[in-house]
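This report covers charge pairs, charged surface patches, helices and backbone features. The structure is shown first.

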Amino acid sequence: MGKNDGSARHLEVERKFDVVESTVSPSFEGLSSVVRVERSPAHHLEAVYFDTSDHDLAARRITLRRRTGGPDEGWHLKLPAGPDARTEVREPLGEDALGDDDVVPEALRDVVLAIVRDRPLQAVARIATRRTVNMLYGPDGAPVAEFCDDQVTASAEPDGPEQAWREWELELADGADRELLDRLSNRLIDAGATSAASGSKLARVLAESTSPEDESPPADAVHRAVAEQVEQLIEWDRAVRADVPDAVHQMRVTTRKIRSLLQTSRDAFGISDDAWILDELRQLAAILGVARDAEVLAERYEKALDELPEELVRGPVRERLVEGAKRRYAAGLRRSLIAMRSQRYFRLLDALEGLVAAAPAPPQDEEERDQATIDAAYKRVRKAAKAAAEADEDKDEALHRIRKGAKRLRYTAAATGQDKVSERAKKIQSMLGDHQDSVVSRTHLSQQAEAAHAAGEDTFTYGLLYRIEEELAQSSRDHLGRALKKLAKAVRKAR
């Protein structure tokens with residue numbers, strides 16, 4: 001259930017190489033995938049790079065620049081997208097109302113808002129490039145790659161010394177075979193090039209040598225897990241802003257993982273049971289949950305209706321169930337984005353990073369501490385299971401409490417290396433997650449059936465879907481006892 005924003009996005013697959021002034025340009029003759037090479041006139045490119053004063057973007061290998069000159073002048077935001085790849089988000093050049101062309105477009109700032117938050121973006125480097133481009137064409141006449149020979153002069157802002165160097169860039173054309181990148185790279189290396197020591201021109205100017213991934217992770221397993229999930233939260237934040245399918249769900253899951261880990265290890269992090277950070281995480285998950293629940297219902301109903309014989313789908317049921325859920329998703333996403341652009345959200349991210357940075361050394365007997373933490377989490381599951389077995393009313397809510405306990409146990413066990421316990425707890429969480437989704441769905445179906453009846457519409461299909469949901473929920477309940485026994489066995493073996 002994704003959509004495109006107004007910015008142009010482009011996947012850039014490229015490699016950079018260091019060369020000295022005397023290095024002769026490579027030959028691409030003899031390659032079956034390259035039958036023609038065309039050289040374009042040299043371009044003079046001027047770029048100003050923007051970042052926070054602490055270079056928060058550069059630390060995550062993200063670059064934001066305003067470039068003039070050449071065929072792609074404009075604002076460029078480049079984001080890591082795997083080996084040799086970056087996603088480039090572009091905005092055209094333009095002046096704001098005051099005529100200041102150094103104001104970063106809001107559309108680009110919003111993409112990295114979880115990183116920069118309310119910190120100002122300022123010029124951190126100026127880089128001028130004299131670029132000679134060789135376009136490589138394949139047997140079908142289509143471009144397959146672009147080879148650039150760059151003469152670079154640069155300086156860090158405000159008063160950094162001027163630097164000068166030569167480098168090569170090799171970028172695949174859209175749709176080109178990635179194996180071609182290796183074959184072309186070998187030609188550059190044969191000509192005397194070496195793989196670039198820096199990932200970008202900006203990294204070379206700023207001499208950035210570390211990133212969150214490169215720093216030594218906390219020694220303590222739970223702290224390490226929290227640190228990893230905080231980074232995941234920032235990654236999913238960006239995906240939610242781009243409305244990537246399932247991103248809201250994944251960001252919500254990550255938020256809940258962090259909260260569960262902090263709750264389980266409150267003493268290790270020095271936070272109380274009612275600490276504001278736990279409440280903020282809970283409220284963030286609740287806000288994301290509005291869009292997530294609507295997205296799940298839309299997909300659930302669409303799949304169920306597609307599987308029914310056409311004659312059993314009566315009345316405007318798709319409009320009410322599927323399209324209605326999609327509209328609620330859009331409204332929920334807007335609400336989520338409002339929260340994700342607030343000072344309150346920025347302070348939550350600040351606090352989470354502060355907890356990770358202040359992580360204490362692991363206790364002397366870490367294994368004993370981890371087992372005590374797992375035992376405490378498992379005790380919650382057993383207590384919830386006993387309450388559910390004795391419950392005459394609110395059975396659904398009692399089962400939901402088992403799921404929440406299993407979720408906390410799963411994350412704690414995974415963080416401390418108890419994989420079997422984590423696996424068994426995950427099965428219970430997933431099983432009861434399906435049950436809870438069925439509860440939400442049946443409530444919604446009842447409401448929509450009443451609305452349809454009031455409008456004089458056929459309600460047969462709503463009843464049919466309700467029965468399907470009942471059977472799914474019953475299946476979850478039937479398998480729960482066996483799953484709880486397997487969990488108990490896994491916990492005993494872990495002791």
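A residue counts as buried under 20% relative accessible area, as exposed over 50%, and as partly exposed in between. The model discussed here is predicted.

**Salt bridges**

By the nitrogen-to-oxygen criterion, within 4 Å, the model holds 46 salt bridges. Side chains of opposite charge can pair when their charged atoms come close. Three pairs are listed below.

| Pair | N to O distance | Relative accessible area |
|---|---|---|
| Arg119 and Asp56 | 3.3 Å | Arg119 24%; Asp56 16% |
| Arg292 and Asp293 | 3.3 Å | Arg292 11%; Asp293 30% |
| Arg347 and Asp350 | 2.6 Å | Arg347 33%; Asp350 27% |

Arg119 and Asp56 form a salt bridge at 3.3 Å, N to O. This pair joins distant parts of the chain, with Arg119 in the loop between α3 and β7, Asp56 in helix α1 (residues 56-59), and their positions 63 residues apart. Arg119 has a relative accessible area of 24% and is therefore partly exposed, whereas Asp56, at 16%, is buried.

Arg292 is bridged to Asp293, with the closest N and O atoms 3.3 Å apart. Which of the classes buried or partly exposed applies to Asp293? Asp293 has a relative accessibility of 30%, so Asp293 counts as partly exposed. Arg292, at 11%, counts as buried.

Arg347 and Asp350 have their closest N and O atoms 2.6 Å apart. Both residues belong to helix α11 (residues 343-357), where they are 3 residues apart, about one turn of the helix. Arg347 is partly exposed at 33%, and Asp350 is partly exposed at 27%.

Salt bridges also link residues into a network, whose members include Glu12, Lys16, Arg86, Arg131, Asp150 and Lys201. Glu14, Lys78, Glu88, Arg90, Glu167 and Glu169 are also among the residues of this network.

**Charged surface patches**

Lys379, Arg380, Arg382, Lys383 and Lys404 form a positive patch on the surface. Helix α12 (residues 366-390) supplies the largest share of the positive patch, 4 residues. Arg382 is located in α12 and is partly exposed, with a relative accessible area of 47%. Membership of a patch requires over 30% relative accessible area and no salt bridge, and the 47% of Arg382 is the value to set against that cut-off.

A patch of negative charge is made up of Asp246, Glu299, Glu302 and Glu323. Glu323 sits in helix α10 (residues 317-339). Its relative accessible area is 33%, so Glu323 is partly exposed.

**Helices α7, α13 and α14**

Helix α7 (residues 247-264) has 18 residues; at 1.5 Å a residue these should span 26 Å, and the end C-alpha atoms are 26 Å apart, which agrees. Buried residues of α7 include Ala247, Val248, Met251, Ile258, Leu261 and Leu262. Polar or charged names also occur among the buried positions, including Arg252, Thr254, Ser260 and Gln263.

Helix α13 (residues 395-415) has 21 residues, for which the expected span at 1.5 Å a residue is 30 Å; the end C-alpha atoms are 31 Å apart, in agreement. Cover over α13 is extensive in the sense that 15 of its 21 residues are buried. After α13 comes Gly417, with a positive phi near 85°.

Asp434 belongs to helix α14 (residues 419-454). It is partly exposed, because its relative accessible area is 36%. Between Asp434 and Ala291 the sequence separation is 143 residues, and the C-alpha to C-alpha distance is 17 Å.

**Backbone features in loops**

Where does a cis peptide bond occur? The bond from Glu157 to Pro158 is cis, with omega near 10°. Pro158 lies in the loop between β8 (143-156) and β9 (163-172).

Arg117 is not a glycine, yet its phi is positive, near 55°. Arg117 is placed in the loop between α3 (113-116) and β7 (122-137). With a relative accessible area of 2%, Arg117 is buried.

Asp243, also not a glycine, has a positive phi of about 55°. Asp243 is part of the loop between α6 (221-241) and α7. Its relative accessible area is 5%, so Asp243 is buried.

Technical notes. Residues are numbered from 1 along each chain as its sequence is written. This is a predicted model: local features need pLDDT of at least 70, side-chain atom pairs count only at pLDDT 80 or more; totals for chains, interfaces and linings use all residues. Side-chain values use heavy atoms; hydrogens and water are left out. Patches are made of residues with over 30% relative accessible area and no salt bridge: like charges are joined within 9 Å, nonpolar side chains (Val, Leu, Ile, Met, Phe, Trp, Tyr) within 5 Å. Accessible areas come from the Shrake-Rupley method with a 1.4 Å probe; for residues, only the protein chains shown count as cover. A salt bridge is a side-chain nitrogen of Lys or Arg within 4 Å of a carboxyl oxygen of Asp or Glu. Lys and Arg count as positive and Asp and Glu as negative; His and the chain ends are not counted. The place of a charge is taken as NZ of Lys, CZ of Arg, CG of Asp or CD of Glu. Helices (H or I, at least four residues) and strands (E, at least two) are DSSP runs, numbered from the N terminus. Buried means under 20% relative accessible area, exposed over 50%, partly exposed in between (1.4 Å probe, protein chains only). The expected span of a helix is 1.5 Å times one less than its number of residues.
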